[in-house]
Amino acid sequence: MNNLKEDLEVLRRVPIFDSVDPASLRLLAFTSQRMMFEPGQVLMHQGAESDEGYVIISGSADVLVEAGGLPVKIAEVGRHDFVGDIAMLCNRPRAATVVATSPLDALVIARDQFMELAEHTPHMAIEIMRVLADRLSRAIQELARARS
């Protein structure tokens with residue numbers, strides 16, 4: 001069963017949500033759902049359509065991008081990380097595959113709720129840009145390493 005207080009606390013610890021007002025964050029926690037993943041289970045597939053993102057409550061996952069027909073690990077994600085945001089923001093297919101590497105508990109956030117928050121919280125939009133730019137930089141570095 002969804003524990004609203006715990007979910008609210010998890011969202012408060014996610015950097016892109018730290019500037020969101022308490023009432024909006026409570027609504028986001030209320031409208032999100034929990035999902036459990038086992039090691040090896042895929043949260044999302046590169047190229048798949050989606051209208052949701054995942055905030056990791058506990059556990060870890062690898063972020064993989066296909067390069068030259070082979071999966072290349074570009075990042076590891078864990079507690080309080082948010083994945084799936086690029087597809088939601090751009091209304092595009094998934095940019096990467098995310099695979100649980102340990103038992104993983106996540107909050108599933110719907111695109112509509114996420115976009116409404118982003119539209120009404122300028123600081124959140126700025127933090128999203130910062131996080132995405134950082135991820136892009138790290139992904140480019142990892143892909144460069146994989147090529148050499």
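In what order do the four strands of the open sheet lie? In this predicted model, the order is β2-β7-β4-β5, and the pairing is antiparallel. Two of these strands, β2 (42–44) and β5 (70–77), stand at the edges of the sheet. Each of them has a single partner strand, so one side of β2 and one side of β5 are left without a neighbour in the sheet. From one strand to the next, the twist averages 30°.

At the β2 edge, the partner is β7, which spans residues 97–100. These two strands pair in the antiparallel sense over two bridges. Within this pairing, Met44 stands opposite Val98 of β7.

The sheet also carries a helix. Helix α5, formed by residues 122–147, packs on the sheet and touches both β4 (61–67) and β5. The direction of α5 makes about 140° with that of β5.

The same elements reappear in the description of the largest pocket, where β4, β5 and α5 are among the contributors to the lining. This pocket has a volume of about 630 Å³. It is lined by 31 residues, of which Val63, Phe82, Asp85, Ile86 and Arg135 are the closest to its centre. The elements that give two or more residues to the lining are β4, β5, β6 (82–83), α3 (85–90) and α5. The largest share, nine residues, comes from α5, the helix that packs on the sheet. In chemical character, the lining divides into 21 nonpolar residues, eight charged residues and two polar ones.

Notes:
Residues numbered from 1 in each chain as written. Predicted model: local features only at pLDDT ≥ 70, side-chain atom pairs only at ≥ 80, totals over all residues. Heavy atoms only, no water. Pairing = 2+ DSSP bridges. Axes fitted to C-alpha atoms, helices over the stretch in contact; angles between N-to-C directions. Contact = heavy atoms within 4.5 Å. 1 Å grid on protein atoms, 1.4 Å probe; cavity = no way out; pocket = protein on both sides within 12 Å on 5 of 7 lines; lining within 4 Å. Points joined across faces, edges and corners; volume = space filled by probe spheres on them. Nonpolar A, V, L, I, M, F, W, Y, C, P; charged D, E, K, R; others polar.
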